[in-house]
Amino acid sequence: MVRDGDRTVLTMSNDYEGEPDEFAMVVPVPTLLQKGQIHVGDRAVLDHLDAYSAPRLVEYFDEDPCRRMVAEERAMMAPQAMGMADRASVARAKSLGVTIEAKYTVGEYDILILSAKQSGGLETWLTENGYTVPRGARRVLASYMRQGMKFFVAKVNLGEQRRLGFAYLRPLQMAYESPKFMLPLRLGMVNAHGAQELFVYAITKNGRVETTNYRTVRLPEGMDIPEYVKDDFPRFYRALFTRQVESENREAVFLEYAWNMSWCDPCAADPLTADELRALGVFWLGSPGAGGPQGFAPGGAQNTFITRLHVRYDAAHFPEDLVFQETADQTNFQARYVLRHPWKGDTTCEAYREYSRSVRERRTKEAETLASLTGWDVASIRRKMGGDWSDTGPGKQPQWWEQMWHN
């Protein structure tokens, strides 16, 4: 979502299961869209944005304790197509209180912009025209009608898809002006199989975006975790996120990333170029080919603050659509997790004895942290970490309670 003032450019990329001829998407929109306000985007740009802002691991390597002990650094830092509609179809729609405001073909999608007087009429029209309307949709449709919203309906045009040569559904984009800074969720829940996973990438001029009708929660970050997680990061992060969702009673939106695109430290992927940002709808950067800024070099893509939000939602816990606001907060944040690799070289000097003790303590804390973040069994974590976990490892005096309970 690119947002400045009342202007929004929304790019939607959906995971869809099934044959393309069965795909249809109905999205409530706050205003009537002309054909020029609808576009088909490039999935590669969204993939780049995802890689740039994704939760990540960072790695540090201990220096030789025999040369010098170094303190661990922990800061990180227009209704023109109406004439194309069949008269009988228009008449039937009118009898149901449905108005076909506009009809377009954009890329591989056939687009309709609908308005309706009653949810039952719209539901009947959708069904009669080959759209699968899930049970429970009528009530949700009615709530959007009371807000005066229109309906953006997209279907795949198989002939155009074959002609264009795309084997997947490309992202759909729409640009509009409205004081409403929101994302409709509820209609998509009606035919959902369980909870849905949503990532919102908000690009603004001034600062971080947050939800106003649900809590926006920062994920835990910057914690040291065991080295073996490097080969199992996706499973680790899924477990961490699920645990955070449950701890917030499944009613929160989570912040994964917030940063000005003009720089990053460290970068999970190269920042997006000015041309890529323009492709996402960052209209204030100017026109392509104008010698504009690229990347995050000095004087580069300024005033492009990226907020990445992650929400797992269902109808029971998210009864309202997401409503957003842009804040002036430009505090940097990224969901990052730290691997610290112990020194593997010379172990004969006097300083190594103290260093070895500190590493054992660090490993103990890493195991406990991982268990706390994920809910995994700490004994299983220790087995995967390997090494000596005895109560009286080399150079360590057991605490009095350790002899009593054998923790």
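**Close-up 1. Buried R186 and its salt-bridge partner D321.** In this predicted model, R186 is buried, with a relative accessible area of 14%. R186 forms a salt bridge with D321, and the closest N and O atoms of the two are 3.3 Å apart. R186 belongs to helix α6 (residues 186–189), while D321 sits in the loop between β16 (305–313) and β17 (322–326), so the salt bridge ties together parts that are 135 residues apart in sequence. D321 is also buried, at a relative accessible area of 7%. Both values fall under the 20% limit for a buried residue.

**Close-up 2. The salt bridge between K205 and D4.** K205 pairs with D4 in a salt bridge whose closest N and O atoms lie 3.5 Å apart. K205 has a relative accessibility of 27% and therefore counts as partly exposed.

**Close-up 3. The salt bridge between D232 and R235.** The D232 and R235 side chains form a salt bridge with an N to O distance of 2.8 Å. D232 is partly exposed, with 21% relative accessibility. R235 is partly exposed as well, with 34% relative accessibility.

**Close-up 4. A salt-bridge network of R208, E210, R218 and D329**. Salt bridges link these residues, R208, E210, R218 and D329, in a network. Side chains of opposite charge can pair when their charged atoms come close. Over the whole structure, a search finds 23 salt bridges.

Key: Residues are numbered from 1 along each chain as its sequence is written. This is a predicted model: local features need pLDDT of at least 70, side-chain atom pairs count only at pLDDT 80 or more; totals for chains, interfaces and linings use all residues. Side-chain values use heavy atoms; hydrogens and water are left out. A salt bridge is a side-chain nitrogen of Lys or Arg within 4 Å of a carboxyl oxygen of Asp or Glu. Buried means under 20% relative accessible area, exposed over 50%, partly exposed in between (1.4 Å probe, protein chains only). Helices (H or I, at least four residues) and strands (E, at least two) are DSSP runs, numbered from the N terminus.
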